[in-house]
Number of protein chains: 4
Amino acid sequence: MAPLQEEDYLAQSTFEASPPKWHLGHCTWFFEYLVIQAIEGAKFQAIDEHYSYYFNSYYEALGPRVDRAARASLTRPSLNEVREYRQKIDAKIEVLLNGPDLDPGILDTLELGLNHEQQHQELFLTDFKKALAQQAFYPVYDPGFKEDRNPNATEKGWIHQQSGIYEMGTNGPDFHFDNEGPQHKVYLNAYAISKGLVSNAEWLEFMEEGGYQKPDYWHSDGWAWRMQEKIEAPLYWVQKDGQWYRFSLSSLEQLPLDSPVTHISFYEAYAYSRWCGLRLPTEAEWEIANKQFSWGDRWEWTNSAYLPYPGYQEYEGPAREYNGKFMVNQMVLRGASIASPEGHSRETYRNFFHPWFRWQFTGLRLAKDIHQNE
Amino acid sequence: MAPLQEEDYLAQSTFEASPPKWHLGHCTWFFEYLVIQAIEGAKFQAIDEHYSYYFNSYYEALGPRVDRAARASLTRPSLNEVREYRQKIDAKIEVLLNGPDLDPGILDTLELGLNHEQQHQELFLTDFKKALAQQAFYPVYDPGFKEDRNPNATEKGWIHQQSGIYEMGTNGPDFHFDNEGPQHKVYLNAYAISKGLVSNAEWLEFMEEGGYQKPDYWHSDGWAWRMQEKIEAPLYWVQKDGQWYRFSLSSLEQLPLDSPVTHISFYEAYAYSRWCGLRLPTEAEWEIANKQFSWGDRWEWTNSAYLPYPGYQEYEGPAREYNGKFMVNQMVLRGASIASPEGHSRETYRNFFHPWFRWQFTGLRLAKDIHQNE
Amino acid sequence: MAPLQEEDYLAQSTFEASPPKWHLGHCTWFFEYLVIQAIEGAKFQAIDEHYSYYFNSYYEALGPRVDRAARASLTRPSLNEVREYRQKIDAKIEVLLNGPDLDPGILDTLELGLNHEQQHQELFLTDFKKALAQQAFYPVYDPGFKEDRNPNATEKGWIHQQSGIYEMGTNGPDFHFDNEGPQHKVYLNAYAISKGLVSNAEWLEFMEEGGYQKPDYWHSDGWAWRMQEKIEAPLYWVQKDGQWYRFSLSSLEQLPLDSPVTHISFYEAYAYSRWCGLRLPTEAEWEIANKQFSWGDRWEWTNSAYLPYPGYQEYEGPAREYNGKFMVNQMVLRGASIASPEGHSRETYRNFFHPWFRWQFTGLRLAKDIHQNE
Amino acid sequence: MAPLQEEDYLAQSTFEASPPKWHLGHCTWFFEYLVIQAIEGAKFQAIDEHYSYYFNSYYEALGPRVDRAARASLTRPSLNEVREYRQKIDAKIEVLLNGPDLDPGILDTLELGLNHEQQHQELFLTDFKKALAQQAFYPVYDPGFKEDRNPNATEKGWIHQQSGIYEMGTNGPDFHFDNEGPQHKVYLNAYAISKGLVSNAEWLEFMEEGGYQKPDYWHSDGWAWRMQEKIEAPLYWVQKDGQWYRFSLSSLEQLPLDSPVTHISFYEAYAYSRWCGLRLPTEAEWEIANKQFSWGDRWEWTNSAYLPYPGYQEYEGPAREYNGKFMVNQMVLRGASIASPEGHSRETYRNFFHPWFRWQFTGLRLAKDIHQNE
């Protein structure tokens, strides 16, 4: 990971974020315990039996682990030891791939490991951005990093969708997480969904009209959070001499007005939608309409709680803890972000966070009800 | 309120519960500010302008108010003053009812005030039960109080429902809260829902098989809550000499095995459902099937997050804060409980609490997917 | 307690303060368990064995008790029951006093009970003032209550004291608490102590010169406390339209400039003393000089930590927990206050509180080093 | 610092401890801002003006600084940059030492910088031990490290001291901190002080007799702390299969019974002293008798609060914040520990910590009152 200095591998901004060294160790551990162990069964032997304590994230079935908030305090194993660990696991995976026993089940398990690692590539970047932001004086991650890629991301206009029964979710055959299935029917009323995301300019207008000061627009829990945390603007926004800047991975830069707003919580997204008399789409509305708009620069908050689809089946084995046990208290985000690895997401992908999370590259798209004959 | 001593009117067990005197003052205030003021408009004059500070619950639009946790610390106005306040408001309401201007709009507003008061009658009872439980030595509220009324509440057996498009919610004309509408279509897969609620005997089995000790059954947030709060049994259960008792409004009584379990959180209900390989119903599943089972002794947790129905419109005016601003982080409960006033609830009624709440009379009914041709 | 309404008996402003009903029950309990039980020994029988749970304050040796913060949540026993409890204990005490076994030991124990009750009379008043202050709209306790009695309390001028060995503390024979003894020698450098207390006018000057804004004057812990709690003025000071008021037991009144400042923490007193280039006296300096100044309107913070005198012996029996176990983390106050019962205090009396406490009637007197030949 | 791996330089176990890299940067910063700046005055120029934000510890007068708890989250400046910083400051100091302006004032200031650095050498070791202890699996710091050096440290027997006026503290001319002066008279009653420290064997006896279970021995604050933190043994003690071990800087080793107990709080030391019917010495008693016993393996808790000596004068300039502002809520420790640099401490040295601190190498020596003619 080129732009990092050695010390950066231990940076942890809050208990909810993890240091780069941990992300590296954890992805390796996932390959060892949820992929290799799943394949090898009884003959599995760990590289170092202590590593599971260090690098298990939240798999209760796989034993005790370091407290999340203390991940940065684990200076051992050292970065070099973790890199060696990774090389050993990579070698084991290569053996598996070239082995005579390679069957579709093994490939599926490997694919889960790879997709898991892609998720942590994104988390590494967002966690590390948060750690950098807590350094004084706005250090630069990578001067060439672009947080805005789609020049039309905040395009105006509406897409109309008729009421009716639709199919959503997927049964494959392509890779997907358990939470994306099964495919199932939903009934939707007629609705419109905006072509583009809300821009920084629009968000500034919300701020100037007192959006953060008037409780009318907010959920009760959202307002309590905003008061408690003294939230006045999106995360990483900085005001100097009356001018707004944002801390990005490339610099502290003047706020680009046409870019999609980012680093907002669900609470803020909801307040914005009410302020302008509209609403957030549900995840079903988003999925059904998604081919008609472009997405990918921001994870888009929906007004859907993260719940199981009808007929949902968790993975078997330790991977059952991957998704299902988080299906309460969280909201669904759809799309992808500029931090998501190429090709990682898809139209049925369900990302989810607690409604106060802000350090992912989040954004919002608006929706409204329409009458069939409008 | 007959069984109370004067001092009991100030009992507040936690910041989330309220003292009886406050419930009385608040319901009166609601009639004054959300009913009478709505009707009188500009000519409205408050009985005592300080009372809004004391008795406003959470209406941001109606000005500042005492911190929720401090309600019990407000010894003034005294109980006698609050009773006088109530008499004055009752008199004003009577005048309105007999007035020449009585139109359907006024009656609707009054009906909201009455339904609001019914909700607080239930909350008074559950909040006060919690306060009594925190007294030492289990004081009796009312020796004649029955926490179980329906002798068949835990009946066995399943009701089957076919897949298809159903209508749920209501547009009236009978009284209903804004969150129950509009009526709308939903598509449901085929499912079965149990005829009765889970009993104390069944819950004991869950406990004996380690239900509270094995994280596998729990949501991640639920397990963290259970560990933090050291939850080992439903609220108000007490073990003495190997025997289980429950603290009820009539006594500390031996646990009645056939009665429906109560005072459980959503987290516990979910864990139970997973332990027995089933699931909680959604609120749609509950509503569609409700005529085929009896309900009313317990509020039943569903696996539905409390979210707006498609096309949801909040009340106008200050009452808009009644329901809509709570539509995040909470789970829906359906039915009614032995603490609900007669006739208060109905099949479209949506009760809601955070998933860790236990001091309402909560319970659970199970559901499962079925294949059409089973 | 005349100015109280029934509900006031349950008012508790913070976990550190207690409701009036509890003070009444606790003083009664103290007579029962630390006086009558000490005298009766094995034949002692409690009026109601539950009462110890309710009214034990902090005597570990006398068994479990309600959590301090929950005292107000105990609506039972009712005020009437507590009053009956008191009458029964009063009757028992009367029997003891008229009994044939009346010996000096019994009288000593009774005297401890009486002095204990006097302390709670003062605490009742200060705790209740705090509870009243948390009511909205500044209710009046007693329009005739005077918080300033000595018209010369803030007299100017210095008293000089020579260096040398002095005796401090007392061995009796008059009543004194264990922590006032034994009498012992201390060596003091020469010092001067001010004749009067710091006035409100002087405190205003401190505030106007940035006393609460400049960390230079403060202890590190004091500054952290001031920042955390956002302290900007003494407790109960209120600013309206540029004018300062204080909430007193008689009214919200314009700040009397010549009266001694009150309701300040040790941290604030210390900061003030440094701001004016002086210091607080030690308790030895205060005691040695006390006959040369008048005291009694305010408890005066000293710069002495509350520690045992050389040769200190705790009481025997349960009363050993009365004083000794608090001899860490607290600072000594000397004198008395307008809330102290007549004749309760004396020149060797050692009051003590944590350095952040403000709701007693606290004040400060200044001191400075002098050179023998000044 | 030989035994450290690169990553170890960022280890921070709690907000009260600091990472090794921070200790290094802070000592360098102290030389730059409190030594070089003090000498150079107006012509002073900082190496990097950002470094003061990173490495200022608690000097309010020297501007804003990173929150203490976030020191480990500062991955920048990197270890290499901090090492370069140190080399530059070392070079500047060398120039000063060889300069023509070298006067006694400069040497005094330098001496403060050196003594400050010695304190951080000790803190580095104790903070890092704490960080190592939070790693899983007890990593070894240095297999050759000896935590016990004096074979007679727990010698039995008493030293008697007569009552009278004694001189304590120092005015120099040798280096001493401001808090050690001025020398002044104290009057002491006759007392005895133990020749040796309390041993691990003796502490085990205290534990076996219920020392941690009986509130009688404890201060009220101490007992609350012990209950809250679930303290059952000294810090770093580990029980396996009924056998006690201690985590030392050399290994997890069987508890050496004759060695002085260490890593105990003041609260525990006090409880122990009461359990055996004795007491802790005051710092005056310790200082007056110190030539008659050996000390140096453990910092010894005294029963003296950390308060200014009569006539105490703080340093001038920013160094005034060095000691004086901590003179509340802390207890004095005397002696030195095996982590103290050779020659750093002396008989008048006053170390101080909050009464709950345990990760310094603390211990205790006992005292008792004697009657002159015993």
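Start with the largest cavity, which holds about 100 Å³ of space in this predicted model. To find it, select Glu60(C), Ala61(C), Glu314(C), Arg320(C), Glu321(C) and Lys325(C), then add Pro215(D), Asp216(D), Trp218(D), His219(D), Tyr270(D) and Arg274(D); these residues line the cavity. Colour your selection by residue class and you get 7 charged, 4 nonpolar and 1 polar in the lining. If you fancy hunting for others, the structure has 14 cavities of 30 Å³ or more.

Next stop: chain A. Give residues 6-133 one colour for domain 1 and residues 158-369 another for domain 2. Put a centroid on the C-alpha atoms of each domain of chain A, and the two centres sit 28 Å apart. Where the two domains touch, domain 1 of chain A brings 26 residues to the contact and domain 2 of chain A brings 28.

Now flip on a surface for that contact. Domain 1 and domain 2 of chain A bury about 2,500 Å² between them, with 64% of it on carbon and sulfur atoms. Which residues of domain 1 of chain A lose the most area to domain 2 of chain A? Pick out Tyr58(A), Glu122(A) and Lys129(A): together they make up 27% of what the domain 1 side buries.

Last, select residues 156-290 of chain A. UniProt lists this span, in an unreviewed entry, as "domain: Sulfatase-modifying factor enzyme-like". Switch to cartoon and you'll see 27% helix and 22% strand across residues 156-290 of chain A, while the end C-alpha atoms of the span lie 15 Å apart.

How values were computed: Residues are numbered from 1 along each chain as its sequence is written. Chains are lettered from A and ligands numbered from 1 in the order in which they are written. This is a predicted model: local features need pLDDT of at least 70, side-chain atom pairs count only at pLDDT 80 or more; totals for chains, interfaces and linings use all residues. Side-chain values use heavy atoms; hydrogens and water are left out. On a 1 Å grid over the protein atoms alone, a cavity is a set of points where a 1.4 Å probe fits but cannot get out, and a pocket is an open set with protein on both sides within 12 Å along at least five of seven lines; lining residues have an atom within 4 Å of a point. Grid points are joined across faces, edges and corners, and a volume is the space filled by probe spheres set on the points. Ala, Val, Leu, Ile, Met, Phe, Trp, Tyr, Cys and Pro count as nonpolar, Asp, Glu, Lys and Arg as charged, and the others, Gly among them, as polar. UniProt positions are given in the numbering used here, feature names are shortened, and annotations may be inferred rather than shown by experiment. Helices (H or I, at least four residues) and strands (E, at least two) are DSSP runs, numbered from the N terminus. Domain bounds come from an automatic or database domain assignment. Contact means heavy atoms within 4.5 Å. Buried area is the accessible area (1.4 Å probe) that two parts lose on being put together, summed over both.
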